[in-house]
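Student: Could you take me through one enclosed space in this model in detail? I'd like to know what lines it, and then how its surroundings fit into the rest of the chain.

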Amino acid sequence: MKVGYIGLGIMGAPCVRNLLKAGHQVTVWARRRESAQPLLDAGALWAASPAELAANVELVVTNVSDTADVAQVLLGDDGVAQGAKAGLVCVDMSTISPLGARDIATRLAAKGIDFLDCPVSGGEVGAINGTLTIMVGGQADALTKVRPALKAMGKTITHIGDSGAGQVAKACNQIAVGVGIAAVAEVMKLAKACGVNPAPVREALLGGFAASRVLDVHGQRMIDDNYAPGFKAKLHQKDMGIVLDTARSLGIRLPEAERVAGLIGELVAEGEGELDSSAIARLIWADNN
C-alpha cells in the first residue's frame, strides 16, 4: 500500500521501518525534517505537510501525543483533510479520548474520509518486533482495506466496534496494566517485609494462576530496580486521565484506577515522568503507601 505516517517517535519510527520491510511505500511528515532523516535513509519518502502527504497515499497513520494533536494534524490548517481524496483511510494509533475519536471520525466522514481509532499495546518492543496488539474502532470495511498495512505492525488486530470502541479497549488495557503494576509492587512489598527474597516468589507465581505479563516484565523491573522506560510514566498519566475523564462523563467510579492514577501523578510530580510507570513501586514500598 501507499502509506503516509505522522508521528515518528518511540513507537512510530519502528512502525515505519516495519512497513518498509513489508514492501509498503511510506511517506512521512514531522515538524522537524531532521527527526525523519534516519527513516528517509531507510527508504521512506518526505512530504512537506500533512496535506501534501495525504494527497499521494491510500492510508494515513497518526501516532502522536493526545486528542488535540490528532485533530490538528488531521483537520487543522494544511492538515490531512486538506489534501485527502475521497476514500482515504486514516488510522490513529495514538491513545486519545473515546469521545474525541468519535468526533474526529464524524468530521472526517463529512469529507469522505474513513477514520479508524487503533490504539496499541505492546510498547516499544512490540513496535520494533511488529507484534503490537491493535484495538480497532470504526467501519469493518475500512479495516479490511488497510489490514495488510496493519499486519506489518501488529500481531493481534481486533475489531472492537464502532468509532471510539478501540479507545475504550485501550482505556481498559491501561487500567489493567496500572492496577496490575500496583498489585505486583504489593506482592514484592509483602515478601520483603517477611524477609523473603521476592525473586523466587515471582518465579513461583509465574507458574500458577497469578501469572501475567505485568508480573513477568514489570516484576523483573522491580527486582532489578531498573525503570528505563518501556512506557513512560508521563504518558501513562495522560492515559489514566482519559480513563477517569471517561468514567466521570458516564457517572461511574473506578476506585482502583483512581488510586493508581494518583500514584502515577505523584511519580510525575516528583520529576520522574520519564521513568517507566512501573516505578510507582518505589512509592508503594514507602511506609506511607
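Tutor: Happy to! Let's begin with the main contributor: α9 gives the most to the lining of the largest cavity, with four residues. Please keep in mind that this is a predicted model, in which local features need pLDDT of at least 70 and side-chain atom pairs count only at pLDDT 80 or more, while totals for chains, interfaces and linings use all residues. Residues are numbered from 1 along each chain as its sequence is written, and side-chain values use heavy atoms, with hydrogens and water left out.

The search covers the whole structure and turns up one cavity of 30 Å³ or more. A cavity here is a set of points, on a 1 Å grid over the protein atoms alone, where a 1.4 Å probe fits but cannot get out; lining residues have an atom within 4 Å of a point. The largest cavity encloses about 30 Å³ of space, a volume being the space filled by probe spheres set on points joined across faces, edges and corners. Its lining is made of Thr95, Ile96, Gln167, Lys170, Ala171, Gln174, Asp239, Ile242 and Val243. Two elements, α9 and α12, each give two or more residues to that lining. Helices (H or I, at least four residues) and strands (E, at least two) are DSSP runs, numbered from the N terminus.

Both helices turn up again at the largest pocket, an open set of points with protein on both sides within 12 Å along at least five of seven lines. This pocket holds about 1400 Å³ of space. Its lining counts 50 residues, and Met11, Gly123, Glu124, Gly230 and Phe231 lie nearest the pocket centre. Two or more lining residues come from each of β7 (120-121), α7 (123-129), α9 (165-193), α11 (213-224) and α12 (233-250).

Let's follow α9 a little further. Gly180 belongs to this helix. With a relative accessible area of 17%, Gly180 is buried (under 20% is buried, over 50% exposed and in between partly exposed, using a 1.4 Å probe and protein chains only). From Gly180 you can step to Arg202, which lies in helix α10 (residues 198-206). Arg202 is also buried, at 9% relative accessible area. These two are 22 residues apart in sequence, and their C-alpha atoms are 14 Å apart in space. A step from Gly180 to Ala81 spans 99 residues in sequence and 40 Å in space, C-alpha to C-alpha.

The loop between α11 and α12, two of the helices that line the pocket, contains Asp225. Phi of Asp225 is near 50°, a positive value in a residue other than glycine. Asp225 has a relative accessible area of 44%, so it counts as partly exposed. Asp78 makes a good companion case: phi is near 60° there, again positive in a residue other than glycine. Asp78 sits in the loop between α4 (67-75) and α5 (80-83), and its relative accessible area of 45% makes it partly exposed.

Some other parts of the chain help to complete the picture. Ala54 is part of helix α3 (residues 50-54). At 1% relative accessibility, Ala54 is buried. Its C-alpha lies 17 Å from that of Asp69, which is 15 residues away along the chain. Ala42, by contrast, is partly exposed at 41% relative accessibility, in the loop between α2 (33-41) and β3 (45-46). Ala42 and Leu20 are 22 residues apart in sequence, with C-alpha atoms 8.0 Å apart in space.

One more helix deserves a look while the structure is open in front of you. Helix α8 (residues 140-153) has 14 residues and reaches 18 Å from first C-alpha to last, close to the 20 Å expected, where the expected span is 1.5 Å times one less than the number of residues. A bend of about 60° occurs at Arg147, and a proline, Pro148, follows within four residues; the bend is the angle between axes fitted to the seven residues ending at a residue and the seven starting there. The buried residues in α8 are Ala142, Leu143, Val146, Ala149, Leu150, Ala152 and Met153.

To return to your request, then: the largest cavity holds about 30 Å³, and α9 is the element that gives the most to its lining.
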